[in-house]
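Here are my notes for your first look at this chain. Keep the sequence and the 3D view open side by side while you read.

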Amino acid sequence: MLVGGHLDHLGLNPVLMPGAHDNASGAAVALAVADALSKAAVPLKRSVVVILFGAEEQGVKGSE
């Protein structure tokens with residue numbers, strides 16, 4: 001199973017990132033799933049990969 005989310009908006013410079021609020025949706029869910037799976041009471045029958053993609057605004061380079 002694969003659980004993924006992408007970190008989106010980079011903003012105008014390293015300090016001012018007015019669009020970064022949209023990072024929270026996919027990334028937060030992926031991290032919450034990873035946290036819940038790490039606390040599972042029984043071993044999982046299948047492997048789960050949790051991945052966060054970056055560089056989406058540079059031509060989807062993070063997904064390559």
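The points below go from the overall layout to single residues.

1. A quick caution to begin with: what you're looking at is a predicted model. Please keep that in mind for every number that follows.

2. Start with the layout. The chain has one helix and two strands, and if you read along the sequence they come in the order β-α-β. The helix, α1, covers residues 24-38, while strand β1 takes up residues 2-6 and strand β2 residues 49-53.

3. Now for the pairing of the strands. β1 and β2 run parallel and are joined by five bridges. If you want one spot to click on, try G4, which stands opposite I51 in β2.

4. Which residues of β1 sit on its covered face, and which on its uncovered one? V3 and G5 make up the covered face, and L2, G4 and H6 the uncovered one. There's a handy rule behind this sort of pattern: in a regular strand, side chains alternate between the two faces of the sheet.

5. Stay with L2 for a moment. This residue of β1 has a relative accessibility of 58%, so it counts as exposed, because the cut-off for that is over 50%. L2 also joins V49 and I51 in a nonpolar surface patch of about 260 Å². I51 is the residue you've already met opposite G4.

6. Where does the helix meet β1? Have a look at G26, which belongs to α1. The C-alpha atoms of G26 and G5 are 4.5 Å apart, although 21 residues separate the two along the chain. G5 is on the covered face of β1. G26 itself is partly exposed, with a relative accessible area of 27%.

7. How many salt bridges are there? The count comes to one, and it links the side chains of K39 and D35, with 3.2 Å from N to O. K39 counts as exposed at 61% relative accessibility, whereas D35 is partly exposed at 37%.

8. Last, the chain as a whole. Of its 64 residues, 9% count as buried. The accessible surface comes to about 4800 Å², and carbon and sulfur atoms account for 64% of that. As for contacts with a separation of 6 or more, 50% are between residues 24 or more positions apart.

Methods: Residues numbered from 1 in each chain as written. Predicted model: local features only at pLDDT ≥ 70, side-chain atom pairs only at ≥ 80, totals over all residues. Heavy atoms only, no water. Helix = DSSP H or I, 4+ residues; strand = E, 2+ residues; numbered from the N terminus. Buried < 20%, exposed > 50% of the residue type's maximum accessible area, 1.4 Å probe, protein only. Contact = heavy atoms within 4.5 Å. Areas by Shrake-Rupley, 256 points an atom, 1.4 Å probe, with all protein chains shown as cover. Patch = residues over 30% accessible without salt bridge, like charges linked within 9 Å, V, L, I, M, F, W, Y side chains within 5 Å. Salt bridge = Lys/Arg side-chain N within 4 Å of Asp/Glu carboxyl O. Pairing = 2+ DSSP bridges.
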